Amino acid sequence: WKKFSLASYDPERLIQCPYDKQHQIRACRFPYHLVKCRKSHPEVAKLLATCPFNARHLVPQADLGDHISKCRDKGFIEHDIAYCSSGFQRDEVNAVSTWQAPPCDEDWETELLEQPNSPFVWGMTNSGINSVTSGQKNYLPSSVRAPESSPYTASWKD
């Protein structure tokens with residue numbers, strides 16, 4: 001794991017734009033600037049390659065191999081790979097759960113056989129014989145009145 005200098009991660013430090021050498025951009029704005037400047041300089045963008053370890057690193061395509069071998073951010077990736085392959089996370093993933101479902105008294109198949117073969121109809125109860133539910137319950141406070149009719153009409157009621 002490579003040590004890094006806090007000065008190199010100062011958000012206010014200036015970084016030279018790879019698309020236009022006249023642009024000096026604050027580090028905290030650099031990723032946004034790269035997107036904008038890439039669109040403004042498509043001919044330069046074709047000549048540059050993006051580092052696989054840090055998208056802020058744009059180098060001439062011919063130099064990409066050399067950059068990859070020396071890139072400081074490669075250390076972060078190598079550390080992550082070493083951490084993942086150490087088995088720490090793998091052991092957590094492979095841990096067997098001891099949770100058991102609570103006992104269930106429901107038997108849907110039996111309940112289905114006990115019910116008569118009548119379809120479900122809204123507003124109808126199925127207690128042996130089909131009958132329209134008597135009176136609807138109003139749970140509104142006494143100061144509020146429910147509407148007499150619905151603003152929508154059902155096509156099957158016409």
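Q: Which residues make up the largest nonpolar core?
A: This is a predicted model, and its largest nonpolar core can be read as a list of 11 residues. Helix 1, residues 30-40, gives the most to this core, with 3 residues. The full set is I15, C17, Y19, I25, A27, F30, L34, C37, A45, L48 and L58.

Q: Which residues is I15 in contact with, leaving aside its neighbours within four places in sequence?
A: I15 is one of the residues of the largest nonpolar core. Some of its contacts, including I25, A27 and F30, are also listed in that core. With the sequence neighbours left aside, the contacts of I15 are H23, Q24, I25, A27 and F30.

Q: Is C37 buried or exposed?
A: C37 belongs to the largest nonpolar core. Buried means a relative accessible area under 20%. The value for C37 is 3%, so this cysteine counts as buried.

Q: How many disulfides does the structure hold?
A: A disulfide needs a pair of cysteine sulfur atoms within 2.5 Å. C37 is in no disulfide, and the nearest cysteine sulfur, that of C17, is 3.7 Å away. For the structure, the number of disulfides is 0.

Q: What is the relative accessibility of C28?
A: Here is another cysteine to look at. C28 counts as partly exposed, a class that lies between under 20% for buried and over 50% for exposed. The relative accessibility of C28 is 31%.

Q: Where does UniProt place the feature "domain: CHHC U11-48K-type"?
A: The feature comes from an unreviewed UniProt entry. In the model, one of its spans is 39% helix and 21% strand, with end C-alpha atoms 20 Å apart. The other span is 32% helix and 21% strand, with its end C-alpha atoms 23 Å apart. UniProt places the feature at residues 14-41 and 48-75.

Q: How far apart in space are K46 and P60, C-alpha to C-alpha?
A: K46 sits in the loop between helix 2 (42-45) and strand 3 (48-50). This lysine is exposed, because its relative accessible area is 64%. Along the sequence, K46 and P60 are 14 residues apart. In space, their C-alpha to C-alpha distance is 9.3 Å.

Q: Which residues does K74 touch, not counting residues up to four places away in sequence?
A: K74 is found in helix 4, residues 74-85. At 18% relative accessibility, K74 counts as buried, since the cut-off is under 20%. Beyond the sequence neighbours, K74 touches F53, I68 and S69.

Note on methods:
Residues are numbered from 1 along each chain as its sequence is written. This is a predicted model: local features need pLDDT of at least 70, side-chain atom pairs count only at pLDDT 80 or more; totals for chains, interfaces and linings use all residues. Side-chain values use heavy atoms; hydrogens and water are left out. Buried means under 20% relative accessible area, exposed over 50%, partly exposed in between (1.4 Å probe, protein chains only). UniProt positions are given in the numbering used here, feature names are shortened, and annotations may be inferred rather than shown by experiment. Helices (H or I, at least four residues) and strands (E, at least two) are DSSP runs, numbered from the N terminus. A nonpolar core is a set of buried Ala, Val, Leu, Ile, Met, Phe, Trp, Tyr and Cys residues joined through side-chain atoms within 4.5 Å. Contact means heavy atoms within 4.5 Å.
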